[in-house]
Amino acid sequence: MAEGLEEEVKTNPQGDVITATAPPPKLEEKKGAAAQRVVDPDYLLLHAPRKKTFITGSEAAKESIRRANVDIAISYPITPQSETMQQVGYLYAEGYLKDYYRGEEEYGVMSAIAGASRSGVRCLSATAGPGLMRGLEVISSWPGGRLPAVLLIMCRVINAPLAIQPDNVELSYMLSTGCILLHAENQQDFYDYPLVGFMVGEKPEVTLPVAVAVDGFFVTHARGWVRLPEADIKLPPRQCYHEAVPMMDNENPPIRISRDAPIQKSNFISYQMHASWQQEIWAAGERSRKWLNRWLGGLIEVVNPTAKTMIVASGAAVSQSREAVRQATEQGADVGLVKIKSIRPFPTEELIEALDHAERIIIPEFNYVGWLAREVRNVIPRTERVVPGGPRVFGGMSMPTELLLEYVLGTGSGRH
Amino acid sequence: MKRQAYKVLPGPEGLLPPPASIMGVRLPDEGEGLLHGDIVSEEEAMEGAAMALLTRKNPTLFPGPLMIWGWTEHTREKAPPFFEIAHEIPGVRIIPMPDYRPIYPKIDPEAVINPCHPNLTIWHNKIEACIFVGVHCHFANVTLKMIRAGTNCFTIALCAEAGHEDAMASVPNVGADKLRKFAEVLRRLKREGVKPLYEGHGIIPSGWAQQAHLTGADIEQPREEVHVGDGHALGHELERGLDENEE
C-alpha cells in the first residue's frame, strides 16, 4: 500500500528536514591520559622537544601534572594554592586523573594522601601557609612511613595578623621532617620540579615524599615563559612493588608484613630500632642526590662563579637576585649568584666549593627568620663572610632590586 | 675502584653508628657492587662476599618475604638459585625473616630474624657472615645498621633494587641470573683452593622442586591438597590482635 504514496517528509518549525536516521557515530576518540603515551623519564625531563608558552605558575603546575601520570589528587582550598588545584580539577574532568576530591581540611587531606600512597598509587596534594601548618603533623609522618607523594607548597604568611601575602617562613618547618624539599624559582621550575619529584621520590632506594615549594603570587599568579613538551606524553606509572616497603595490598600475601610501627617498649631494643629507622629516612634523602643531579642538572646553579661577592638564594629571591647581578655588573661590581634548587637534601659540598673564593656572601630571603642563612652558615667555613641581616623582606613585601643593590654595593640598608 | 674514606666493616662499631650513605658511601650502578663502602666491580663484590661466607663462623642466609613468598614470577624464579647458594656453603643455615612486625614478648632466634631486633638472632647463633635476600629495602637498611652497631657479623645484601650501603658487601639488581652467578663464584673460589671453615656441603634441599633442579631428576610434583576451613588457623590472632602491653 505504501508503494504508491509519496513519502512524508518531516520538518522542524524552521523547515529543516528531520530524518529518523541518526548521524553515523564517530569513532571513539581517546581522551585525557588514555591518549598519552608513556615515555622514559629521561626523555620527558631532558630530551623531549619543547615549545615556549606564556602562562601563570598555577597553569605551569597544571601542565606538569598533566604529564605526571598522577592517579589521585586530594587537597583543601587555601589562598594562593586554590587556583592550582582548581586547574588540577580541570585535568580530572579531562580524564588525566583517576580520582580527585576536596578533603575535610588539611589534617584529613594529608592523612588521605598517606593512605593513598600506602596503597601504591601516585599521589598529589597542595597547600599553603596555615594549611601546611595544620597538616604538618601528618606530613611529618610521611617520610617514616616511606610514602612517596608530591606536595606543592605555595608559600604565604602564617603568623598573625592574618595575611595571605608572600612569605616563606613555613619552609623552615619543613626542614626537619625528612621530606625532600625543592624550592622553585619561577614558572618554569614549577613545571619541571613536580615531575622530577615524582620520579625521584618513587625510586626504590629513596621512597620518600617530595615537597615542591614556590613563593605564592610572585610565581603562582604571575605569568612567565615556560618551555613545555607536547601534551601527548607522560611519565611511567608508579612501580610500587619495587619500593622500599610493602604496599598495603590485601591481594598480596602475606597481608600482615605491613609497616607496623615497632611496639614502643621502654627498653633499648625498641629505642635502637626507632633510631635506626630515623637514620634510614635521612639516608634515603641522601640517595636522592644522584637523581636530582641527573634531572635538575645539579642541586645548585652558579652565575659568575669567580665573583668576590656571591649572592646565595632560593625560590623567587633568585629571580630578583639575577636582575640585581645584572644591574650591579653594569655598575662595575664583581658579583655572582648561587641558586639553591634543593633545600633537602642540602647542597653542602656544592656550596663549600662554589663559595670557597667568595669574600662576601649575601643571602636574600622572603622571611624574617633567615632560615636559608642559617642553613648556609651551618655548612660553610669562615661564616663571617655572610653579610648580616639578609636582606630579608616579609609579610607580603616584594624584594626590589634596589634593596639587593644596597647590600651588594654596601650602601643604605646594606652598610654592614 | 672508587675508594671511600668511610669504611663499612664488621662491627661492633658502637652504640649508634651513622648510616653509611650519610658518610658519603654511594650506591653502585649496574655491573658494580659495594665492598666495605667502596664501589668495585660486581665480580669483586661477589668474591668478597663469597670469601666471608666460606671462611667466617656460622654462615647464614636470611631470606625475606620477597624470597619466601612466591607472590610474583620474579620471586618464584629466584628460589632455585637461592638453594644453589645454600648448597655451596658448608655449615650454612637458613633463618627466615618472614615478617617485619615486632615479635614480643620474645623471639625464637633459632627460627626467625626480625628487623626490630636482628642482633638477637645474630648474637644467639654467633653468626659471623650472612646474606639478606628478598627483604624490602627499608627493613634491610634498618636491620643492617643495627647489626653493624652491635655485632661482628659480615653482612651481605643481594638486592633486587639499588643495593645497600650499610652492608659490607652488596650487589644491586639481583635476579635469578645473578644469584646463579654468585653460586658459581662460591664454586670457583673452592676450586681455586679456598678452604671453607666447615666441611661437606651446605644445605641439601628436601623439597621436590629443589631436588629436581639440583639433581636433574624427573621428580613428580606432589599434588596440592586444599583444606577447606583452614582460615581459622590465624583466626584467633586476627581477632585478638597483638597485645601491646604484653612483656
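Two helices count as roughly parallel when the angle between their directions is under 35 degrees. That cut-off comes in handy straight away in this predicted model. In chain B, helix α3 (residues 73-88) packs against helix α6 (residues 176-191) at an angle of about 10 degrees. An angle of about 10 degrees falls under the 35-degree limit, so α3(B) and α6(B) are roughly parallel to each other. Their axes lie 8 Å apart. On the α3(B) side, the contact is made by Glu77(B), Lys78(B), Pro81(B), Phe82(B), Glu84(B), Ile85(B) and Glu88(B). Facing them from α6(B) are Ala176(B), Leu179(B), Arg180(B), Phe182(B), Ala183(B), Leu186(B) and Arg187(B). Sorted by class, this contact has eight nonpolar and six charged residues, with no polar ones.

Next comes the sheet of chain B. Seven strands make up an open sheet, and reading across it gives the order β2-β1-β7-β6-β5-β3-β4. The pairing is mixed. At the edges sit β2 (38-41) and β4 (93-94) of chain B, each of which pairs on one side only.

A walk through part of this sheet can start at β4(B). This strand runs parallel to β3(B), and two bridges join them. Here Thr60(B) stands opposite Arg93(B) of β4(B). What about the side chains of strand β3 (residues 60-63) of chain B: which ones point the same way? Thr60(B) and Phe62(B) point one way, Leu61(B) and Pro63(B) point the other way, and all are buried. Strand β3(B) also pairs with β5(B), again in the parallel sense, over four bridges. In that pairing, Pro63(B) is found opposite Val133(B) of β5(B).

Moving on one more strand, β5 (residues 129-133) of chain B pairs with β6 (residues 154-158) of chain B in the parallel sense, this time over five bridges. One of the residues involved is Phe132(B), whose bridge partner in β6(B) is Ala157(B). Helix α5(B) packs on the sheet here and touches both β5 and β6 of chain B. The direction of α5(B) makes about 165 degrees with that of β6(B).

Helix α5(B) turns up again where the two chains meet. There, 25 residues of chain B are in contact with 28 residues of chain A. Helix α5 (residues 137-150) of chain B gives the most to chain B's side of this contact, namely six residues. Chain B's side as a whole divides into 15 nonpolar, five polar and five charged residues.

As for chain A, it has 13 helices and 17 strands. Of its 416 residues, 49% are buried. If only contacts with a separation of 6 or more are counted, 82% of those in chain A join residues 24 or more positions apart.

The domain assignment splits out domain 1 (34-239) and domain 2 (300-414) in chain A. The C-alpha centres of these two domains of chain A lie 27 Å apart. How many residues do the domains use to touch each other? In chain A, 23 residues of domain 1 are in contact with 19 residues of domain 2. On the domain 1 side, the elements giving two or more residues are α7 (171-174), β9 (180-184) and β10 (210-215) of chain A. The largest share, five residues, comes from β9(A). By class, the domain 1 side of this contact in chain A has 15 nonpolar, five polar and three charged residues.

Technical notes: Residues are numbered from 1 along each chain as its sequence is written. Chains are lettered from A and ligands numbered from 1 in the order in which they are written. This is a predicted model: local features need pLDDT of at least 70, side-chain atom pairs count only at pLDDT 80 or more; totals for chains, interfaces and linings use all residues. Domain bounds come from an automatic or database domain assignment. Two residues are in contact if their C-beta atoms, placed from the backbone, lie within 7 Å. Ala, Val, Leu, Ile, Met, Phe, Trp, Tyr, Cys and Pro count as nonpolar, Asp, Glu, Lys and Arg as charged, and the others, Gly among them, as polar. Axes are lines fitted to C-alpha atoms, for helices over the stretch in contact, and angles run from 0 to 180 degrees between N-to-C directions. Angles under 35 degrees count as roughly parallel, over 145 as roughly antiparallel, 65 to 115 as roughly perpendicular and the rest as oblique. A residue is buried if 20 or more other C-beta atoms lie within 10 Å of its own, exposed if 12 or fewer, and partly exposed in between; C-beta atoms are placed from the backbone. Two strands pair if DSSP finds at least two bridges between them.
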